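This report describes selected features of one protein chain. The sections below take up charged pairs, strand pairing and two buried side chains.

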Amino acid sequence: MNDAVETYPVVLLIEQALSASDAVQVRSLHESLDQSVTYHALLPLEDAAARIEASLGSLGSGEVLAGPAIAMRETDLEALRRDCATESQQALTDTLAALTAAGVTATGEIVADPPIDALVAAVQQLDAREAIILTRPHVVAEFFGLDWSSRARRKIGVPILHLIEHENFDEQAGAGEGISGL
């Protein structure tokens, strides 16, 4: 008989740094398991080009015609990319610290691949038993089934739980049940 404790790997796909309460909630989902739970957090690298596009999209219509060419010349894209990488690394560091403080074993990485592709790869590589997607609310994307959870359900054969970051279970839709599916 093998007395070794089986590991229960869980992959977390996050949009932003988890708070201490997020980490405690994630840990609470697995407290009743006899297995040793390990978490692997994936944080997509913020895209500098998308940040520029978003800022240009907020300009008024009169500014849009003359604005983009001027704005692109004035923007140091490489500095913005470094800033995005630094912010992403800090968010991952904060997340791993929050998970560790919550009493769990956690690793993580910043991913440049599309988030769902990175999630699928991590679930396969780690032989994960489940995936948890933690996001800010995205009502429009969820309505049209374009959110990470809906897209992941179509590609992954493990249970998926979608939680809203920085909200406790009682504040989540469905009185704390989140959105789950296989």
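## Salt bridges

E6 and R129 form a salt bridge, with 3.6 Å between the closest N and O atoms. This pair joins distant parts of the chain, 123 residues apart: E6 lies in the segment before β1, and R129 lies in the loop between α5 (115-126) and β4 (130-135). The model is a predicted one, and it holds 3 salt bridges.

R129 also forms a salt bridge with D127, where the closest N and O atoms are 3.0 Å apart. E6, D127 and R129 are thereby linked in a network of salt bridges. The members of this network are partly exposed: E6 has a relative accessible area of 44%, D127 has 47%, and R129 has 28%. For these residues the relevant range runs from 20% to 50%, because buried means under 20% relative accessible area and exposed means over 50%.

A further salt bridge connects E31 with R27, the closest N and O atoms being 3.2 Å apart. R27 counts as partly exposed, at 26% relative accessibility.

## Strand pairing around β2

Strand β2 spans residues 36-44 and is mostly covered, with 7 of its 9 residues buried. Strand β1 (residues 7-14) pairs with β2 in the parallel sense, over 7 bridges. The chain passes from β1 through helix α1 (residues 20-28) to β2, and this β-α-β crossover is right-handed. Within the pairing of these strands, T7 stands opposite S36 in β2.

Strand β2 is also joined to strand β3 (residues 105-111) by 7 bridges, and β2 and β3 run parallel. Here Y39 stands opposite A106 in β3. Strand β2 thus has pairing partners in both β1 and β3.

## D22 in helix α1

Helix α1, which carries the crossover from β1 to β2, contains D22. Is D22 buried or exposed? D22 is buried, since its relative accessible area is 2% and the cut-off for a buried residue is under 20%.

The side chain of D22 has a polar atom that lies 3.0 Å from the backbone nitrogen of S19. D22 therefore combines a relative accessible area of 2% with a polar atom placed 3.0 Å from a backbone nitrogen.

## T95 in helix α4

T95 is found in helix α4, which covers residues 77-101. With a relative accessibility of 0%, T95 counts as buried.

Which residues does T95 touch, not counting residues up to four places away in sequence? T95 touches I14, Q16, A17, L18 and A41. One of these, Q16, is 79 residues from T95 in sequence, while the C-alpha to C-alpha distance between Q16 and T95 is 8.4 Å. Among the other contacts of T95 is A41, a residue within the range 36-44 of strand β2. I14, also touched by T95, falls within the range 7-14 of strand β1. Contacts of T95 in helix α4 thus include residues of both β1 and β2.

How values were computed. Residues numbered from 1 in each chain as written. Predicted model: local features only at pLDDT ≥ 70, side-chain atom pairs only at ≥ 80, totals over all residues. Heavy atoms only, no water. Buried < 20%, exposed > 50% of the residue type's maximum accessible area, 1.4 Å probe, protein only. Helix = DSSP H or I, 4+ residues; strand = E, 2+ residues; numbered from the N terminus. Pairing = 2+ DSSP bridges. Right-handed = clockwise from strand over helix to strand, strands pointing away. Polar contact = N/O pair within 3.5 Å; in protein donor to acceptor, adjacent residues only side chain to side chain. Salt bridge = Lys/Arg side-chain N within 4 Å of Asp/Glu carboxyl O. Contact = heavy atoms within 4.5 Å.
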